[in-house]
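I opened this notebook to keep track of what I looked up, beginning with how the copies are related and then moving on to what lies between them.

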There are 2 protein chains.
Amino acid sequence: MSDDATAERGDGERLSTRDSLLAAASALMRSRDTLGVSISDIAAEAGVNSALVKYYFGNKNGLMLALLERDLSLSITQLRDLVAMDMRPAAKMRYHLSGLIRIYFRFPYLQRLLISIMRDESEEVGRQIAETYLSPIAQAYETMIAEGVAAGEFRPTDSRFFYFTAIGACDQIFSARFVLKYVHGIDEIDDDLRRVYVEQTVGLIMDGLSVRR
Amino acid sequence: MSDDATAERGDGERLSTRDSLLAAASALMRSRDTLGVSISDIAAEAGVNSALVKYYFGNKNGLMLALLERDLSLSITQLRDLVAMDMRPAAKMRYHLSGLIRIYFRFPYLQRLLISIMRDESEEVGRQIAETYLSPIAQAYETMIAEGVAAGEFRPTDSRFFYFTAIGACDQIFSARFVLKYVHGIDEIDDDLRRVYVEQTVGLIMDGLSVRR
């Protein structure tokens, strides 16, 4: 199965060079807690020549766009499937929010990457990303909340604003991880911390969203 | 009252050159919705020679640090005063969260600026910022939540995590303002939108935090 576009990984798993470069960028951005990793560092981490970044992605922006697609596409599909499921609205939303924190736990740079790309790329790329990722998410929130309100489970809530509340509440601990380090002496968000964060934060959002009985 | 370090402003108000440069950086970062403004643009906006940025702040990082101090110091003092006030814990927290959204409304780049400085500056500057700004905020949250729990108004809540939930929920609409533009066709967060956002978001957080009766 070997060819020019494969690289051997430590765990024996084979990835195409393209996928290796994306995995390397992801791993470096995660471990260094910054979007500012150089092409040469990414290539070195992937164990390939840095010219291959240009070959596969054109430039660093192209690689970042491809990484956004790698990390987000599956989540958008899963969100669409979740919305279509026959489930109580509150259970659906709870499932979504817990999943959101799990995604940020895997890719702690994800929201920062999205924000940075939307700012720095052209209006055209911005519109394309909005159409591909942001609009489907906005529609999912609108549907989930409308269903919850109709079922008498959620209070009347503007889904456009709820989106920001939920994304911000779930993401901030990852975007501002240094606060954990500098203020609380916590160097890493591990599985235990993630579980406690999911429980408290998702619980708070769901209680805030739900009709009091 | 005029001297070398003053600049005339359009509204007739006199600011020192140093303050003019900070005001110019703030205005540009707000209107362009990015931290990426150049020294020459800032100087041009302030109507002064760009060499004065170097004179007053050393470099752009110095200017950004001074802007963080300008925008945050007063808020930290006010938060400390709020915590010391004789007020019901829920009213206190509600007041704080509404104020937080108002601060981000005035300085929509503020949380991004803090995150960017904490990442890019040295460990020493990071520790200093944490001590000056982040630790006092963390202590305020700890005290407010402990009081609320003791008064039977709040559920037992880990204040370290609640900080991220609250900051993220209040900030995200400003950090990801482009979502409003690209997905909902809303170009600007005006006073009306801010009011509706405050009502829904602060309401949700407070309901999530409060004991159900």
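**Entry 1, symmetry.** I began by superposing the copies of this predicted model, and I found that a rotation of 180 degrees, with 0.0 Å of shift along its axis, brings chain B onto chain A at an RMSD of 0.0 Å. The two copies are thus related as by a two-fold rotation axis. I then asked which surface each copy uses: 100% of the interface residues of chain B are also interface residues in chain A, so the copies meet through the same surface.

**Entry 2, extent of the contact.** I counted the residues taking part and obtained 55 from chain B and 55 from chain A. The area that chain B and chain A bury between them came to about 4,700 Å², with 65% of it on carbon and sulfur atoms. Looking for the residues that contribute most on the side of chain B, I noted that Arg119(B), Phe164(B) and Tyr182(B) supply 17% of the area that this chain buries against chain A, which is more than any other three residues.

**Entry 3, charged and polar pairs.** I searched the whole structure for salt bridges and found 26 over all chains, while the count between chain B and chain A is eight. Side chains of opposite charge can pair when their charged atoms come close. I looked at two of the pairs in detail. In one, Arg155(B) forms a salt bridge with Asp207(A), where the closest N and O atoms are 2.8 Å apart. In the other, Arg119(A) forms a salt bridge with Asp33(B), the closest N and O atoms being 3.0 Å apart. This second pair crosses between chains, running from helix α6 (residues 110–120) of chain A, which holds Arg119(A), to the loop between α1 (17–32) and α2 (39–46) of chain B, which holds Asp33(B). I also recorded the polar contacts between chain B and chain A, which come to 14 residue pairs, with both residues at pLDDT 80 or more.

**Entry 4, which elements build the side of chain B.** I listed the elements that give two or more residues to the side of chain B that touches chain A, and they are α6 (110–120), α7 (123–150), α8 (159–175), α9 (177–184) and α10 (191–209) of chain B. The largest share of that side, 14 residues, comes from α8(B). Sorted by character, the residues of the side of chain B that touches chain A divide into 28 nonpolar, 14 polar and 13 charged.

**Entry 5, the single chain.** I turned to chain A by itself and counted ten helices and two strands, which from the N terminus on run β-β-α-α-α-α-α-α-α-α-α-α. The C-alpha atoms of chain A fill a box of roughly 60 × 40 × 35 Å along the principal axes.

**Entry 6, the annotated spans.** In the UniProt record, an unreviewed entry, I found the feature "domain: HTH tetR-type" placed at residues 15–75 of chain A. I computed that this span is 77% helix and 3% strand, with its end C-alpha atoms 21 Å apart. The same unreviewed entry places the feature "DNA-binding region" at residues 38–57 of chain A, where I found the chain to be 75% helix and 0% strand, with end C-alpha atoms 14 Å apart.

Notes: Residues numbered from 1 in each chain as written. Chains lettered and ligands numbered in written order. Predicted model: local features only at pLDDT ≥ 70, side-chain atom pairs only at ≥ 80, totals over all residues. Heavy atoms only, no water. Contact = heavy atoms within 4.5 Å. Buried area = accessible area lost by both parts, 1.4 Å probe. Salt bridge = Lys/Arg side-chain N within 4 Å of Asp/Glu carboxyl O. Polar contact = N/O pair within 3.5 Å; in protein donor to acceptor, adjacent residues only side chain to side chain. Nonpolar A, V, L, I, M, F, W, Y, C, P; charged D, E, K, R; others polar. Least-squares fit on C-alpha atoms with pLDDT ≥ 70 in both. UniProt positions renumbered as here; feature names shortened; annotations may be inferred.
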